[in-house]
Each structure stands twice: as structure tokens, then as C-alpha cells.
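Good morning, and thank you for coming. I shall take a few minutes to walk through one model, beginning with its open spaces and ending with its sheets.

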Amino acid sequence: MTWQRRHVLATDDWSRAEIEQVLDQTGAMVEVLGRPIRRTPALRGRTVILFFAEASTRTRVSFELAAKALSADVTNITASGSSVEKGETLRDTVRTLTALGGDVIVMRHAASGAPYFVAERTDAAVINAGDGWHAHPTQGLLDAYTLRGALGDLDGRRIVIVGDITHSRVARSDIDALVPLGATVTLSGPPTLVPSAWRCGMTPRGTTYEPDLDRALDGADGVIALRLQKERQHAGLLPSIREYAKTWGLSEERVKRMRPEAPVLHPGPMNEGVEIAASVAHGARSLIETQVTNGVAVRMALLYLLAGTPEQVA
Ligand code: CP
């Protein structure tokens, strides 16, 4: 299939074939990363600008490693230390990044929709590395790749996503990636942290809401625990962090309710002892470090599909 997308802003309108193309391309990039020299010239002569106006470790570093593994030139811009700090508007920042000759702009921003605003104003390909509560498409794709690696075909599999659903761009992008691949998703979390329409049964296609986490986990094929996003919450949404950990935290006892060897994922950064026990985060079922490793290959695949030179992949 020939790749048609110019940008990766969200995957909510992607077909199964498009998602599978990215995951298959990721497999090819894993092979590149397994070579003694972890580098291919697919983006030689291209410039990738990493514009992170919000904090990040995994996403920013993995995009940087991905771009370098594809031989691109890479430039980092963060809000702190750039002219954004002096009040430069997003419109002017885009003009500047475009004038600097970026072929791909990878951006994270606190405002939902900011990558769409940028994509309309630049010739560069734009990749959304997380915008507000809206979407984190590369995380959704790497979670799908990780689960496919652990479970094989995702058709008919049931994955639980637990935690702060309302404020989670990861939850939305996980749903967007997993459901087209044939998985169903059970959402679980405190009613105050689940969108009211979803609580009332109007959940996205392929998903259901189960307020009882133990019931949600019974017989599940895998679980993704979300970070409790204290920075995005208004006060008073939870009785206490202790109560949250007791009711919604992934404990060793709880994960045993899933199928044997059903994996545990978390996008990071984790609040250990809150949404996930340390023994689960670092236990036998945990794929949390595998997610981080896979993040490089998934981002290589996307950079290559958007800006690569096909004959230079091998
Ligand atoms: N999962 C994720 O987006 O992590 P970072 O905030 O560290 O990039």
C-alpha cells in the first residue's frame, strides 16, 4: 500500500490497513536497530525539528534517536530557552520553524489542536507528540505494536485501560489504534475521571466502561495503566491518593485476575504505588521498558513513511 498521509495528527480516522502498515514498517526498523551499526540513510539530507512546548523524556528522546538512526539532521526547541518564553505566538513559531527549513516538525503542546494549527501553516510534515487531552498517536501506535508483539493477532483480544481516562490523550490514541486492529477495550476508572457520556454508555466504538476494576480485569488479555495526571485535574476529583491507589491501583493480586501472562503496560512516567505497584511495574508481566524501546522503532517508521527515501531503507 502506498503511504498517503502528509501528517500524523491523530489516528482517529485511520484504517486498519494504515495502522498495520506502520506496525509492519516498525518491524523493519527493529531489524535496522538490531544491526551492529544502527543507522540507515533513509532521511539523509532531511531536517527534523523537535518542538516540545511541554515536558517529555521518552517521546522526545525516542524521536531524536529515531531521526538520527535514519541519518536526519535534528534540532531541538523547547518552550524554556526559546522565544516562546518571551511570548512568541504559535503562529510566529511555525513561520520560524518553516523558514529554518524543517522537513518534519514533531511537536508537543499543552493546547489540544495545536498540531492542526501548525499543519495548516507549514509545508513541513507535522507529527503530534501529544496535544493537551486530545491525542498522542505515536504512543497509541507503539502500545499497539507492543501488545501485538506479546499477544500476536489482536483480533478478539480484550484490553483494559484503567485510570484517569478524562485527562488522558494516551487513552484516546490507544483506543484509536487498538479497536481497528480487532481488539475491544474495557475502560475503568473513577467516575469523576471518566467523561460523563462514556459513563452513561455512550463510549467510543469497540469500548465499554466498567467501573469495577476487578470485574474489568477478569479474563482480560492485557492492561494499560494510565498516569494519574495531577497537573491536569481540578481539585476535588478524588477523595485521596491513598483511596485511589486502593481502588484503582494495579496490585499483584489484581493482575492475577487477567489471563495467565497477560501483559501490563504503562506509558510512563509512572507514579509507583499510586496507579501501579512497584512489584507489578517491574514484574514478570511488565512490558513497560519494551514500550520505551519500541518507541524508537515506531517513530522511525513514521518519520520514514512521511519523509523517507524508499530506496534508502535497506
Ligand atoms: N509516554 C510519554 O509520552 O512519556 P513522556 O512524557 O516522557 O514523553
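Let me first fix a convention: Ala, Val, Leu, Ile, Met, Phe, Trp, Tyr, Cys and Pro count as nonpolar, Asp, Glu, Lys and Arg as charged, and the others, Gly among them, as polar. By that scheme, the lining of the largest pocket divides into five nonpolar, eight polar and seven charged residues.

The model is predicted, so local features are taken at pLDDT of at least 70 and side-chain atom pairs at pLDDT 80 or more, while totals for chains, interfaces and linings use all residues. Residues are numbered from 1 along each chain as its sequence is written, and side-chain values use heavy atoms, leaving out hydrogens and water.

Now to the pocket itself. On a 1 Å grid over the protein atoms alone, a pocket is an open set of points with protein on both sides within 12 Å along at least five of seven lines, whereas a cavity is a set of points where a 1.4 Å probe fits but cannot get out; lining residues have an atom within 4 Å of a point. Grid points are joined across faces, edges and corners, and a volume is the space filled by probe spheres set on the points.

The largest pocket holds about 370 Å³ of space. It is lined by 20 residues, and those closest to its centre are Arg108, Arg169, Arg227, Gly268 and Pro269. Helices and strands here are DSSP runs, numbered from the N terminus, with at least four residues of H or I for a helix and at least two of E for a strand. Helix 2 and helix 6 (169–178) each supply at least two residues of the pocket lining.

Two of those central residues deserve a second look. Gly268 and Pro269 are joined by a cis peptide bond, with omega about -10°. Pro269 sits in the loop between strand 9 and helix 11 (278–281).

What of enclosed space? One cavity of 30 Å³ or more is counted, and the largest cavity has a volume of about 60 Å³. Its lining includes Arg58, Gln139, Leu142, Gln291, Gly295 and Arg299. Helix 2 (58–69), helix 5 and helix 12 each give two or more residues to that lining, and the largest share, four residues, comes from helix 12.

Helix 5 (residues 137–151) and helix 12 (residues 288–307) also pack against each other, at an angle of about 115° and with their axes 9 Å apart. Axes are lines fitted to C-alpha atoms, for helices over the stretch in contact, and angles run from 0 to 180 degrees between N-to-C directions. Contact, meaning heavy atoms within 4.5 Å, involves residues including Gln139 and Leu142 of helix 5 and Gln291, Gly295 and Arg299 of helix 12.

I close with the sheets, where two strands pair if DSSP finds at least two bridges between them. An open, parallel sheet of five strands runs in the order 7-6-5-8-9, with strand 7 (207–209) and strand 9 (264–265) at its edges. Within this sheet, strand 5 (residues 158–162) pairs with strand 6 (residues 184–188) over five bridges, and Ile161 stands opposite Leu187.

Another open sheet has four strands in the order 2-1-3-4, again with parallel pairing. Its strand 1 (residues 47–52) and strand 2 share six bridges, one of which partners Phe52 with Thr78.
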